[in-house]
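Biologist: I'd like to walk through this structure with you, one small step at a time. Could you show it to me before I start asking?

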Amino acid sequence: MKPPRKLHIKSYGCQMNVYDAQRMVDTLAPEGFVETDSAEDADLVILNTCHIREKASEKVYSELGRLRVAKDEAARNGREMRIAVAGCVAQAEGEEIVRRAPTVDVVVGPQSYHHLPQLLARAKSEGRALETEFPVDDKFGFLPQPKPDAIRARGISAFVTVQEGCDKFCTFCVVPYTRGAEVSRPVAKIVDDVKRLAENGVREITLIGQNVNAYHGEGPDGRTWPLGKLLHRLAEIEGIVRLRYSTSHPRDVEETLIAAHRDLAALMPFVHLPVQSGSDRILAAMNRKHTADDYRRVIDRFRTARQDIAFSSDFIVGFPGETEGEFAATLALVMQIGYAGAYSFKYSPRPGTPAADMQETVSAAEMDDRLVRLQELIDTQQSAFNKAMIGETVDVLFERAARNPGQIVGRTAYLQPAHVFASPDIIGQVLPVSIASLERYSLLGELAGGAARPAPSILPQLTGA
Ligand code: SAH
Ligand code: SF4
Ligand code: F3S
């Protein structure tokens with residue numbers, strides 16, 4: 001075992017990055033690295049970056065400016081600090097990062113995390129190391145498994161990557177360039193991962209992928225399995241009480257996935273299904289390859305299979321050429337669907353994407369105005385959705401002690417945090433809670449004792465089903 005060294009990882013962006021950060025920790029653990037919360041006294045700082053919008057991307061450089069000061073300070077104290085940039089900015093910008101921030105020692109793209117130990121050794125001997133290729137080897141096969149104590153420390157809810165990359169090429173989006181073509185992991189490997197997590201206390205699994213329902217992994221029968229079939233298999237694993245998946249694309253909602261929502265009690269009735277816009281002309285310009293009506297039909301199929309299902313979504317306002325009328329179509333769609341929550345973003349032109357060459361017609365002021373109007377509508381829906389829980393009895397999976405002494409916090413099927421006064425013994429269990437009140441986004445209640453009703457009766461009305 002090597003002498004202990006301190007590692008600090010800061011992640012931006014999507015759940016895939018959160019998951020990747022854990023894999024990097026697991027890869028570096030055998031090298032003697034242990035995680036620390038503070039960048040200042042770390043021997044290695046990794047910025048796990050996101051390129052999706054300009055703001056996210058530029059954040060890296062301000063962070064690197066701060067780290068340069070910390071690195072110089074460490075050097076004055078005779079201590080060596082190394083700085084690595086990982087994630088999607090590393091992939092997209094490569095050497096440009098070193099040009100703008102010479103303090104960086106390692107640049108590593110998302111496909112090369114299993115090479116981190118070698119890259120660090122190279123940075124030591126050669127002064128710097130860069131790797132942003134899409135290698136032919138399967139990085140999943142090379143990444144070490146987390147140790148049981150690491151799994152336990154991470155809690156009862158875990159992410160598992162099942163699919164990476166995207167072949168959709170929406171005209172605004174960098175992901176197909178930063179994460180490469182779609183690749184699915186074989187069913188057997190995912191089953192092994194989930195079993196190992198379950199054996200070490202994990203109760204809830206979120207399957208992640210940039211386009212998770214495009215999953216088409218090799219099954220143990222030699223056939224290609226869709227996501228729905230994978231979910232059926234994972235639901236059989238002892239200890240797993242909740243399954244989720246994210247992020248899905250409306251074009252890849254197969255019948256097996258709908259069937260999984262109908263048949264599997266463990267599959268949570270909460271689906272993140274981004275639509276981006278309610279205007280068919282804008283959807284076409286975005287290359288989403290579906291209309292607003294196609295999306296409505298997909299939502300209807302889910303609702304027919306499971307009446308208590310709720311949705312969240314992503315929206316972009318101010319895409320090049322978006323008129324006021326086209327934006328109004330987005331508001332209309334949101335009103336029709338009725339969301340439990342949603343993320344909305346101002347369009348951000350990204351270098352190298354087709355939309356970056358389109359003429360931007362929406363002024364900054366108009367974009368701000370549309371964002372505010374959309375967010376107000378979504379907020380109204382979200383708080384109505386949350387308020388509808390008051391007086392209901394809902395199942396909560398308890399996760400950890402809350403900040404408030406004596407309280408334990410968990411989550412409902414819809415990911416709402418729910419607090420009760422109870423003994424920590426309930427952590428890891430799903431128990432019915434009668435909800436008494438709502439404080440901002442957090443529900444408060446009492447353990448109900450009896451069996452939970454399957455769904456709050458008010459939900460279908462609220463979500464427009
Ligand atoms: N795979 C997912 C989205 C991944 S990116 C999907 O297809 O829906 C997450 C969200 O970021 C997108 O849904 C979109 O709303 C937003 N986004 C992506 N590129 C953007 C850009 N150039 N400007 C503004 N928002 C963007
Ligand atoms: Fe980006 Fe579109 Fe792929 Fe989602 S489906 S990751 S928005 S290209
Ligand atoms: Fe960002 Fe890359 Fe995820 S660009 S959203 S970190 S796939």
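Biologist: Let's begin with the inside. Which element gives the largest share of the lining of the largest cavity?

Modeller: Keep in mind that this is a predicted model. H1, S7 and helix H9 (187–199) each supply at least two residues of that lining. The largest share is 4 residues, and it comes from S7.

Biologist: Where does the largest cavity lie with respect to the domains?

Modeller: The chain is divided into domain 1 (5–131), domain 2 (139–317) and domain 3 (392–447). Domain 1 and domain 2 both give residues to the lining, so the largest cavity lies between domain 1 and domain 2.

Biologist: What is the volume of the largest cavity?

Modeller: Here's some background: rolling a probe the size of a water molecule over the atoms shows where empty space is left. The structure holds 2 cavities of 30 Å³ or more. For the largest cavity, the volume is about 220 Å³.

Biologist: Which residues of the lining lie nearest the centre of the largest cavity?

Modeller: By class, the lining has 11 nonpolar, 4 polar and 5 charged residues. It takes 20 residues to line the largest cavity, and those nearest its centre are Tyr19, Arg23, Gln145, Pro146 and Asp193.

Biologist: And the other one? Which helices each supply at least two residues of the lining of the second largest cavity?

Modeller: The second largest cavity has a volume of about 30 Å³. Its lining includes Leu227, Gly228, Thr256 and Leu257, and by class the lining has 3 nonpolar, 3 polar and 2 charged residues. The helices that each supply at least two are helix H10 (227–235) and helix H11 (255–263).

Biologist: Back to S7, then. Why is one side of S7 left without a neighbour in the sheet?

Modeller: S7 belongs to an open sheet of 3 strands with parallel pairing, in the order S7-S10-S13. Strand S7 (157–161) and strand S13 (242–246) stand at the edges, so one side of each has no neighbour in the sheet, as each has just a single partner strand.

Biologist: By how many degrees are neighbouring strands of this sheet turned against each other on average?

Modeller: We ignore the direction of the strands for this one. The average turn between neighbours in the S7-S10-S13 sheet is 25 degrees.

Biologist: Which residue in S10 is the bridge partner of serine 157?

Modeller: S7 and strand S10 (residues 204–208) pair in the parallel sense, over 5 bridges. In S10, serine 157 has as its bridge partner glutamate 204.

Biologist: Which helix packs on the sheet, touching S7, S10 and S13?

Modeller: Look for a helix whose direction makes about 95 degrees with that of S7. You'll find it at residues 15–28, and its name is H1.

Biologist: Let's try another sheet. Which are the edge strands in the order S14-S15-S16?

Modeller: This is an open sheet of 3 strands with parallel pairing. The edge strands pair on one side only, and they are strand S14 (270–272) and strand S16 (341–346).

Biologist: What angle does helix H15 make with S16?

Modeller: Helix H15 covers residues 364–387 and lies across S15 and S16. Its angle to S16 is about 175 degrees.

Biologist: Now for domain 3. Which residue in the turn of the hairpin of S18 and S19 has a positive phi?

Modeller: Strand S18 (residues 407–411) and strand S19 (residues 417–421) run antiparallel and are joined by 5 bridges. Glycine 410, for one, stands opposite alanine 418 in S19. The hairpin has 5 residues between the strands, and the one with a positive phi, about 65 degrees, is leucine 415.

Biologist: Last one! How many Å apart in space are leucine 431 and leucine 397, C-alpha to C-alpha?

Modeller: Leucine 431 lies in strand S20 (residues 430–439). Among the residues it touches are Val394, Val396 and Phe398. Leucine 431 and leucine 397 are 34 residues apart in sequence, while their C-alpha distance in space is 6.6 Å.

How values were computed
Residues numbered from 1 in each chain as written. Chains lettered and ligands numbered in written order. Predicted model: local features only at pLDDT ≥ 70, side-chain atom pairs only at ≥ 80, totals over all residues. Heavy atoms only, no water. Pairing = 2+ DSSP bridges. Axes fitted to C-alpha atoms, helices over the stretch in contact; angles between N-to-C directions. Contact = heavy atoms within 4.5 Å. 1 Å grid on protein atoms, 1.4 Å probe; cavity = no way out; pocket = protein on both sides within 12 Å on 5 of 7 lines; lining within 4 Å. Points joined across faces, edges and corners; volume = space filled by probe spheres on them. Nonpolar A, V, L, I, M, F, W, Y, C, P; charged D, E, K, R; others polar. Domains from an automatic or database assignment. Lists of a residue's contacts leave out its neighbours within four places in sequence.
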